[in-house]
Amino acid sequence: MTRFLVVPQWQGSPSTRAMTLIDGAEAIAGDLPRSATQRIDVPVEAGEALDTGVRRYSSLARTRDLLAAALESADADGSEGIGVVIGGDCGVAVPAIAAAAARHPRLALVWFDAHGDLHTAETSPSGAFGGMALRAALGDGPLAATHPVAPERTVLVGARDLDPAEDEFVAGSGIRVISTSDLDDPASLADAVSTTGADAVYIHVDLDVLDPAAVTGVGFSVPFGVDAGALTRAVGVLRERLPLAGASISGFAPAVPDAAVDDMGTILRIVGSLA
């Protein structure tokens, strides 16, 4: 049975609408089975950078520790099934990726996102951890994953708004890149992951990877995004080839709580593809 961990973290987002990520996470949680859902108590306070170069670092570190403990407890209890983390900003994926990588040293990471999230504290124009989350999952930065994934086993999907520093990192890192148009072939993602030699895969979906016509409740919409059907078909083919070690969804920020219903059909379709 799928286990859901709801983490309404907003402190990693650079958006002026960051706190609406709380509403988004709670809206998704409302459609999940209660018996299989656990909420993580995200700190109320914004937090301090503490000379790390990461805005709101102290609160982000606290949430990381709470989520890591919940994941460790589930593993210790021998809980069966896939763990799916529901954010919040995409920083919530980092502890979950680390937990999956601890179980699967040859883990592949698939990161669906309109943005690269590959900054460090030194290159980030905002200091927001959301823009550093994938880089942290690869082992870099103050909030780096305790068990990182190798860049050569990482596939970035649907990214179309990268800063120059991120482009430079991708070019020299070994990260594989799948474009929006590549997903016209449902097997393209599975083919890319298969070449990494991984024995399991973790999938993260930032909802801004989708085309703005498919979902409106995101902080930073980017045109020419992924079709929801293409995403779920690609995930389906990938799961036929490799076991899913974990997953996360982030970035749902409805303008007002009542607007969440407009996007829930699309979001639950993606949840279903991962659960």
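Lys and Arg count here as positive and Asp and Glu as negative, while His and the chain ends are left uncounted. On that basis, the mean positions of the 18 positive and 36 negative charges of the protein chain lie 5 Å apart. The model on display is predicted.

**The whole chain**

Begin with the entire protein chain, coloured by secondary structure: 8 helices and 8 strands should appear. A box of roughly 45 × 40 × 40 Å along the principal axes holds the C-alpha atoms. The radius of gyration is 17 Å, which agrees with the value near 19 Å for a compact globule of 275 residues. Of the 275 residues, 58% are buried. Among contacts between residues at least 6 apart in sequence, 75% join residues at least 24 apart. Turn on the surface next: the chain exposes about 10900 Å², and carbon and sulfur atoms supply 52% of that area.

**The largest nonpolar core**

Hide the surface and select Val110, Phe112, Leu189, Ile203 and Val205. In the largest nonpolar core, which has 49 residues, these five touch the most other members. Now add helix H7, residues 228–241; with 7 residues, H7 gives the most to this core.

Centre the view on Leu189. Which residues does Leu189 touch, not counting those up to four places away in sequence? They are Val110, Phe112, Val155, Val157, Leu183, Ala234 and Leu238.

**The second core and helix H3**

Move to Val94, Ala98, Leu109 and Trp111, which are included in a second, separate core of 44 residues. Then select helix H3, residues 93–103. Because 9 of its 11 residues are buried, H3 is largely enclosed by the rest of the structure. The buried residues of H3 are Ala93, Val94, Pro95, Ala96, Ile97, Ala98, Ala99, Ala100 and Ala101. When viewing a helix of this kind end-on, recall that an α-helix has 3.6 residues a turn, so residues three or four places apart point the same way.

**Val42 in its loop**

Finish at Val42, in the loop between strand E2 (37–39) and helix H2 (57–76). Is Val42 buried or exposed? Its relative accessibility is 16%, so Val42 counts as buried, the cut-off being under 20%. Display its neighbours: not counting residues up to four places away in sequence, Val42 touches Val7, Pro8, Gln9, Gln11 and Thr63. As a last step, draw a C-alpha to C-alpha distance from Val42 to Leu66; the two residues are 24 apart in sequence and 8.3 Å apart in space.

How values were computed
Residues numbered from 1 in each chain as written. Predicted model: local features only at pLDDT ≥ 70, side-chain atom pairs only at ≥ 80, totals over all residues. Heavy atoms only, no water. Helix = DSSP H or I, 4+ residues; strand = E, 2+ residues; numbered from the N terminus. Rg over C-alpha atoms; globule rule 2.2 N^0.38 Å. Buried < 20%, exposed > 50% of the residue type's maximum accessible area, 1.4 Å probe, protein only. Contact = heavy atoms within 4.5 Å. Areas by Shrake-Rupley, 256 points an atom, 1.4 Å probe, with all protein chains shown as cover. Charge placed at Lys NZ, Arg CZ, Asp CG, Glu CD. Core = buried A, V, L, I, M, F, W, Y, C linked by side-chain atoms within 4.5 Å.
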